[in-house]
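Notebook open, viewer open. I'm jotting down what I look up as I go.

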Amino acid sequence: MSIIQDFLRYNRQMMLPEIGDIGQEKIKQAKVLVIGAGGLGCPVLQYLATAGVGTIGIADFDIIEIHNLHRQILYTEEVVGQAKTSTAKTVVEKLNPLITVIPFEEKLTPENTSQIIQGFDFVVDGSDNFKTRYLVNDTCVNLNKTLVYGSILKFEGQVAVFNHNGGKNLRDLFPEMPDPKDVPNCNLNGVLGTLPGIIGTMMAHETLKLILGLPALNNELVLFDTIYWNFTKLNF
């Protein structure tokens, strides 16, 4: 019955010669941890789930607030005040009841990050602060895990793949964590609600390509200015 369910649900992507039955099985067997269930995490979770990623972890310790709703589209006003992880798990499982969702409702620290990450094949970082980004990056390097990175601000976004098949990592691009006081953020500078949808979908797309073994970003940083639709890819 599972084979029939898989075909009925995923046949439009299975028709692609780059995917087929073998590729869909790779997606089904994949284990992906999504760091952050906010603006970037929401579209990542939606598209990985609906594509059939078999096991998805969600790591976030935040609660849903009313100002999240314009861009964090897994949530509605009825769940304001509830934990993002448990709410996201409920919604994602409704999107695709064939997958397994594992919530980690805790703040990532040097003490717990390795334990959380080690059970997954790929990590997608949609966090919104440098402390978490560098902690996740360094842990992925230590555990030899591929990391899909994204960030957003105002109308601009960035996407990269770190530590894949011997590739470079975040510290090769930005060796030291900047002082948070010197770096603009969405809390103070704002973000258009559609931007995390654009960048988050790109992150999910790149993750699926990695799972399938398709060509992916390699020591490259994508810069996307959505005001003028300027798309720049930098080698590092």
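Started with helix 3, residues 41–51. Nine of its eleven residues come out buried, so the helix is largely enclosed by the rest of the structure. I listed the buried ones: Gly41, Cys42, Pro43, Val44, Leu45, Gln46, Leu48, Ala49 and Ala51. Then I checked the backbone just past the end of helix 3, where glycine 52 has a positive phi of about 105°.

Confidence next, since this is a predicted model. The chain averages a pLDDT of 95, with 96% of its residues at 70 or more. Which elements sit at the two ends of the mean pLDDT range? Strand 1 (residues 31–35) has the highest mean, 99, and helix 8 (residues 186–189) the lowest, 65. Note to self: where pLDDT is low, the predicted coordinates should not be read in detail.

On to helix packing. I want the angle and the distance between axes, as that is how two packed helices are described.

Helix 1 with helix 2: I looked up residues 2–14 for helix 1 and got axes that come within 10 Å of helix 2 and cross at roughly 105°. The two helices are therefore roughly perpendicular to each other. On the helix 1 side the contact uses Ser2, Asp6, Tyr10, Gln13 and Met14; they meet Gly20, Asp21, Gln24, Ile27 and Lys28 of helix 2. By class I get three nonpolar, four polar and three charged residues in this contact.

Helix 2 with helix 9: here residues 20–29 pair with residues 194–212, the axes come within 9 Å, and the crossing angle is roughly 115°. That makes helix 2 roughly perpendicular to helix 9. I also looked up the hand of this crossing, and it is right-handed. Gly23, Lys26 and Ile27 of helix 2 meet Leu208, Ile211 and Leu212 of helix 9. The class split for this contact is four nonpolar, one polar and one charged. Ile27 is listed in the contact with helix 1 and also in the one with helix 9.

Last stop, asparagine 163. I found it in the loop between strand 6 (156–162) and helix 7 (170–173). Is asparagine 163 buried or exposed? Its relative accessibility is 11%, so it counts as buried. Leaving out residues up to four places away in sequence, asparagine 163 touches Cys140, Val141, Asn144, Lys145, Thr146, Lys168 and Asn169. I also took a C-alpha to C-alpha distance from asparagine 163 to asparagine 218: 9.1 Å in space, with their positions 55 residues apart in sequence.

Notes
Residues numbered from 1 in each chain as written. Predicted model: local features only at pLDDT ≥ 70, side-chain atom pairs only at ≥ 80, totals over all residues. Heavy atoms only, no water. Axes fitted to C-alpha atoms, helices over the stretch in contact; angles between N-to-C directions. Helix = DSSP H or I, 4+ residues; strand = E, 2+ residues; numbered from the N terminus. Parallel < 35°, antiparallel > 145°, perpendicular 65-115°, else oblique. Left-handed = near helix turned anticlockwise from the far one by under 90°. Contact = heavy atoms within 4.5 Å. Nonpolar A, V, L, I, M, F, W, Y, C, P; charged D, E, K, R; others polar. Buried < 20%, exposed > 50% of the residue type's maximum accessible area, 1.4 Å probe, protein only. pLDDT = per-residue confidence, 0-100.
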